[in-house]
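Here is a quick tour of the fold for anyone about to open the model in a viewer. Keep the structure on screen while you read.

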Amino acid sequence: MEGCMKIGKVPENVLKRSVFRQIRNRCEGVDSGAGAGRDFCGFSLAEKERMVSCVQEAPIAIEEEEFCCQDRTEVFMTIRELILKCVNNLAAGGAKPVAVLLVLMLPAHTEEAQIRAIMGKAEETCRELSMEIAGGQTRITGAVNWPLAVVTGFAKAPETECHIRKTAEPGQDILLSKWIGLQGTAVTAKRNHQKLLERYPSYLVEEAEGFGRYLSVLPEAEAAVRAGVSAMHDASEGGILGALWELAEAAGCGLEVDMRKLPLRQETVEVCECCNVNPYELLSGGCLVMTAWDGNRLAAALAAEGIPAAVVGKVTEGNERILVNRDEIRYLDRPQRDEIYART
């Protein structure tokens, strides 16, 4: 049917035209609000304090074998990954996550043991993050043929540390924490386990499959706030190029990034080469994009906490978003459909 949407993020021009234009801010206590590159919303509470909220949803896999055998036109997550994705967005607002509401929409063939497994993993994840599951809904419905979860996260922050209104400014350095493509590497490696073993040693494949342990950005967000970070944005679907576009779009500015400085694990390079995947447009959960007036100082502060970070470029005046690779210069395009959908 003409005009039908493809699976994945709704294109930015459709979001602006058919979603954001329909929304009106009518409450004084609501900060930030919906917009491109805005992954959270803040609420004014008591004097000098903010409550921050974020919503994330995804079809979820219960068993590991299910995760590896899914329809590859869709991105499935574990409930742990979905909670972390929500919490990462809150952390990028400079807030401390405290609770989640969890909604589960389950197909009719769901067994009680599967519900117990989902909730057990959700509780385990929240315990690790010192958060609570504050409530939610669990429903069996014929409207879905695979488990669907919606996570609403809540966090709080003092006014002095809340970053919900802060955006990148021309002249600031752009930094990335850890490495790009971590989440996508893990998904791709699991889906192509046997193919990768035919080319690489088992330890490399196992390491790539285990990149999920790096998905939380809470440690770097907390350290960055203490070190005087300006803007923060959690890289996710659309890869690092999508995250950089969203950072610039939210601030209404340009950027210049050196592609050679984007931090990549060797496992990501090998997995992407074997599976014909572009690592720069691949799920990058676990990587925090930051801006600061002194990027080297911020990188040193993160390194002191045991967190790798690299200065990769500058925020610039105007709207030109430039990628430099030695003598080659090209312009950053609007976020494309994540590589995880097409080739893995």
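## Around α8

Just past the end of α8, Gly228 has a positive phi of about 90°. Bear in mind that this is a predicted model. Within α8 itself, the buried residues are Leu218, Glu220, Ala221, Ala223, Ala224 and Val225. As for their cover, it includes α3, β4, β7, β8, β10 and α11.

## The cores

Which residues touch the most other members of the largest nonpolar core? They are Ile79, Ile83, Met232, Met290 and Leu298, out of 46 residues in that core. Several elements chip in two or more residues each, among them α8 (218–226), β10 (288–292) and α11 (295–304). Strands β3 (49–59), β4 (96–106) and β6 (148–158) are on that list too, along with helix α4 (112–128). The largest share, nine residues, comes from α3. There's also a second, separate core of 24 residues, and Ala168, Ile240, Cys287 and Leu332 are among its members.

## α3 against α4

Ile79 and Ile83, already met in the largest core, turn up again where α3 packs on α4. The two helices meet at an angle of about 40°, with 9 Å between their axes. That angle is why α3 counts as oblique to α4. The crossing of α3 past α4 is right-handed. Here is who makes the contact:

| Helix | Residues in the contact |
|---|---|
| α3 | Ile79, Arg80, Ile83 |
| α4 | Ile118, Lys121, Ala122, Thr125, Cys126, Glu128 |

A bit of helix geometry helps when reading those rows. An α-helix has 3.6 residues a turn, so residues three or four places apart point the same way.

## The seven-stranded sheet

Now for the sheet: it is open, has seven strands with mixed pairing, and runs in the order β8-β10-β7-β11-β9-β12-β13. The edges are β8 (232–234) and β13 (328–331); each has a single partner strand, so one side of each has no neighbour in the sheet. From one strand to the next, the twist averages 25°.

How do β7 and β11 run, parallel or antiparallel? They are antiparallel, with five bridges joining β7 (residues 173–177) to β11 (residues 309–316). To pick out one pair, Leu176 has Ala310 of β11 as its bridge partner. Helix α11 packs on this sheet, where it touches β7, β10 and β11. The direction of α11 makes about 20° with that of β7. Remember that α11 also gives residues to the largest core, and that it helps cover the buried residues of α8.

Key: Residues are numbered from 1 along each chain as its sequence is written. This is a predicted model: local features need pLDDT of at least 70, side-chain atom pairs count only at pLDDT 80 or more; totals for chains, interfaces and linings use all residues. Side-chain values use heavy atoms; hydrogens and water are left out. A nonpolar core is a set of buried Ala, Val, Leu, Ile, Met, Phe, Trp, Tyr and Cys residues joined through side-chain atoms within 4.5 Å. Buried means under 20% relative accessible area, exposed over 50%, partly exposed in between (1.4 Å probe, protein chains only). Helices (H or I, at least four residues) and strands (E, at least two) are DSSP runs, numbered from the N terminus. Two strands pair if DSSP finds at least two bridges between them. Axes are lines fitted to C-alpha atoms, for helices over the stretch in contact, and angles run from 0 to 180 degrees between N-to-C directions. Contact means heavy atoms within 4.5 Å. Angles under 35 degrees count as roughly parallel, over 145 as roughly antiparallel, 65 to 115 as roughly perpendicular and the rest as oblique. A crossing is left-handed if the near helix is turned anticlockwise from the far one by less than a right angle, and right-handed if clockwise.
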